[in-house]
Amino acid sequence: MKEYTGKIYNIEKLTHDTTKVVIESALDSAHSGQFISVLCENRTLRRPFSISDFEKIENNKSLLTILVKIKGKGTEFLSNLKINDEISILAPLGNGFSIKEEASLLVGAGIGIAPMLFLKKELNKQNINNYLIAGFRDDKEIIKGYDEVTIGGSVVDRLEDLIKEKNIKIVYACGPEIVLKLIGKLCKKLNIKSQLAMEKVMACGIGVCRGCVIKIKKNETISTASICKDGPVFSGNEIIWEENE
Ligand SMILES: Cc1cc2nc3c(=O)[nH]c(=O)nc-3n(C[C@H](O)[C@H](O)[C@H](O)COP(=O)(O)OP(=O)(O)OC[C@H]3O[C@@H](n4cnc5c(N)ncnc54)[C@H](O)[C@@H]3O)c2cc1C
Ligand code: FES
């Protein structure tokens with residue numbers, strides 16, 4: 001992880017509150033599920049964003065894409081940037097998805113679609129059979145043009161049928177915790193693997209403040225893990241959801 005100066009290469013409004021921001025920098029590599037942390041104007045705390053695409057271009061430069069949904073001042077600042085504006089980014093952060101060569105279902109709920117687009121690209125490159133679905137709260141939230149099935153409501157209701165229909169062996173998902181919890185539990189019930197990209201409000205973003213800690217269980221041992229450094233991707237079978245605490 002390093003600090004880079006990112007130059008806005010392109011910026012495009014996707015919906016009424018979501019913007020695609022393409023950043024040129026000297027970042028050398030990135031994997032799906034990893035994220036960047038952006039200094040938004042003069043705010044002290046950086047804001048985390050999943051990497052939605054990454055490609056190397058000429059002269060040791062690369063382009064990375066994030067999708068920004070407006071929540072407050074930081075995301076508003078990013079959504080209003082102009083081409084050639086400069087921002088400071090820390091990248092790449094966290095541990096991304098661990099790709100398995102098995103029939104894969106990718107689930108993006110809301111802005112959770114962002115890392116799924118990058119994962120899909122990586123799976124396609126490796127010719128791994130995959131299927132992406134996205135769910136949005138209502139029609140005006142729908143980010144068009146990417147997914148094979150866009151559902152205007154909950155993605156979870158459709159999952160069990162899709163998993164059986166497509167003979168899915170692993171589910172990768174990103175979205176609000178409540179959705180990930182349902183997906184993790186469904187996969188456990190159906191005895192298939194899941195990798196879930198978790199989100200929590202973050203302070204330091206680099207594993208120091210312990211503000212983003214969750215409980216996990218590995219080999220029968222319960223411990224804590226920080227989403228920003230140990231995650232954000234965890235196996236659905238490892239996460240101890242809040243109701244169990
Ligand atoms: C690992 C990770 C990846 C993320 N990827 C993306 C992404 O690809 N695209 C994207 O648009 N957003 C993403 N987020 C969420 C994004 O970081 C926040 O929306 C952003 O930091 C809000 O900053 P702000 O200054 O605009 O709002 P603030 O003024 O900081 O907050 C406004 C409101 O949003 C809430 N909020 C802040 N952070 C989060 C959060 N993480 N989850 C839910 N609510 C939050 C606050 O509690 C508050 O109510 C990600 C978060 C994490 C932890
Ligand atoms: S945000 Fe500080 S440890 Fe994760």
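These questions and answers walk through the fold of one predicted model.

The model is predicted, so local features need pLDDT of at least 70, side-chain atom pairs count only at pLDDT 80 or more, and totals for chains, interfaces and linings use all residues. Residues are numbered from 1 along each chain as its sequence is written, and side-chain values use heavy atoms, with hydrogens and water left out.

Me: How many helices and strands does the protein chain have?
Reply: Helices (H or I, at least four residues) and strands (E, at least two) are DSSP runs, numbered from the N terminus. On that basis, the secondary structure of the protein chain comes to four helices and 16 strands.

Me: Which element gives the most residues to the largest nonpolar core?
Reply: A nonpolar core is a set of buried Ala, Val, Leu, Ile, Met, Phe, Trp, Tyr and Cys residues joined through side-chain atoms within 4.5 Å, where buried means under 20% relative accessible area with a 1.4 Å probe, protein chains only. The largest such core holds 34 residues, and the elements giving two or more of them include β8 (104–109), β11 (170–174) and α4 (177–190). With five residues, the element that gives the most is α4.

Me: Why is one side of β14 and of β16 left without a neighbour in the sheet?
Reply: Two strands pair if DSSP finds at least two bridges between them, and the open sheet of three strands has the order β14-β13-β16, with antiparallel pairing. Because β14 (221–226) and β16 (239–240) stand at the edges, each has a single partner strand.

Key: Chains lettered and ligands numbered in written order. Buried < 20%, exposed > 50% of the residue type's maximum accessible area, 1.4 Å probe, protein only.
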